[in-house]
Amino acid sequence: MLSDGATQQLIGGLIMSQPNTKKTLRCTVFASGGGSNFQTLIDKKTSGDLHVDFVLMIGNNSGAKAFERARTNNIPTLHTAPSHFADEDLYAAYLISILKNVNTELIVLAGYMKKLPSLIINEYRNKIVNIHPALLPAFGGKGMYGINVHRAVIEYGAKVSGITVHFVDEEYDHGPVIMQKTVPVLDDDDESTLASRVLEAEHEYYWKAVQAIAQGNVRVEGRKVIWLWTKHA
Ligand code: GRF
């Protein structure tokens, strides 16, 4: 996907994609919990490494620490949940109107525990990213969230786990893969030691995938996400 600001130039007969240096990508973040990934994204934006604007943070759980993180950083917030609406279509229409209102260009899921309605996925096809704390398609799907994922990895006896950053489609943990990184599973790991090691990797890499999108560095071809001018971060 090339973002609007990304440019293409004809050089020696080859179309070369150029980094988007002109504008920052307008991101809405969805989060339900602690928001440590959200915090890393905020920190990378503050340090000038991540070229996005966080135009809104949406959460379904008013007590989530992610709200606090947004407020501390002057990011507008919205508390809403599917249960506030008579049906999913109404919820979706409301969310779409809000997302359009703030000119959202990319939706970043950062520990968002609700499934997004398919109307939103369709409207923002390949413009919604998620991070999953395992190497998909293993240890993903319905019910595979939080500590459940790491417990399943350990019970299976896997020697590696990792992170997957992917675009979101209508199925749980299924859209095109943008980035994967492995993390070792050690013999004496329990779910919580493995969870911390994986979370560290999430913090190290999620922002790099978002930055690649912001710069127009990735293009989606069917299930494949092609990195245009850098190898995998
Ligand atoms: C992360 O493990 C991420 O992989 C998953 O939700 C968790 C969110 O953690 N999607 P945090 O709220 O960012 O700390």
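**Strand pairing, burial and the ligand shell**

User: Which residue of β5 is the bridge partner of M57?

Analyst: The bridge partner of M57 in β5 is T77. Strands here are DSSP runs of E of at least two residues, and helices are runs of H or I of at least four, numbered from the N terminus. The model is predicted: local features need pLDDT of at least 70, side-chain atom pairs count only at pLDDT 80 or more, and totals for chains, interfaces and linings use all residues. Numbering starts from 1 along each chain as its sequence is written.

User: What makes β4 and β5 a pair?

Analyst: Two strands pair if DSSP finds at least two bridges between them. Strand β4 (residues 52-59) is joined to β5 by 3 bridges, so the criterion is met. The two run parallel.

User: Which helix packs on the sheet against β4 and β5?

Analyst: That is α2, which touches both strands. Contact requires C-beta atoms, placed from the backbone, within 7 Å. The direction of α2 makes about 145 degrees with that of β4. Axes are lines fitted to C-alpha atoms, for helices over the stretch in contact, with angles from 0 to 180 degrees between N-to-C directions.

User: In what order do the strands of the open sheet run?

Analyst: The order of the 7 strands is β5-β4-β3-β6-β7-β8-β9, with mixed pairing. Why are β5 and β9 called edge strands? Each of them pairs on one side only. From one strand to the next, the twist averages 20 degrees.

User: How do you know whether N74 and D173 are buried or exposed?

Analyst: Count the other C-beta atoms, placed from the backbone, within 10 Å: 20 or more is buried, 12 or fewer is exposed, and in between is partly exposed. N74 has 7, so N74 is exposed. D173 has 21, so D173 is buried.

User: What is notable about phi in N74 and D173?

Analyst: Phi of N74 is positive, about 55 degrees, although N74 is not a glycine. D173, also a residue other than glycine, has a positive phi near 50 degrees. N74 sits in the loop between α2 (65-72) and β5 (77-79). D173 lies in the loop between β8 (160-167) and β9 (177-184).

User: How many residues surround the ligand?

Analyst: There are 13, with G34, S36, N37, G111 and P133 the closest. The cut-off for being near is a C-beta atom, placed from the backbone, within 6 Å. α1 gives the most to this shell, 3 residues.

How values were computed: Two residues are in contact if their C-beta atoms, placed from the backbone, lie within 7 Å.
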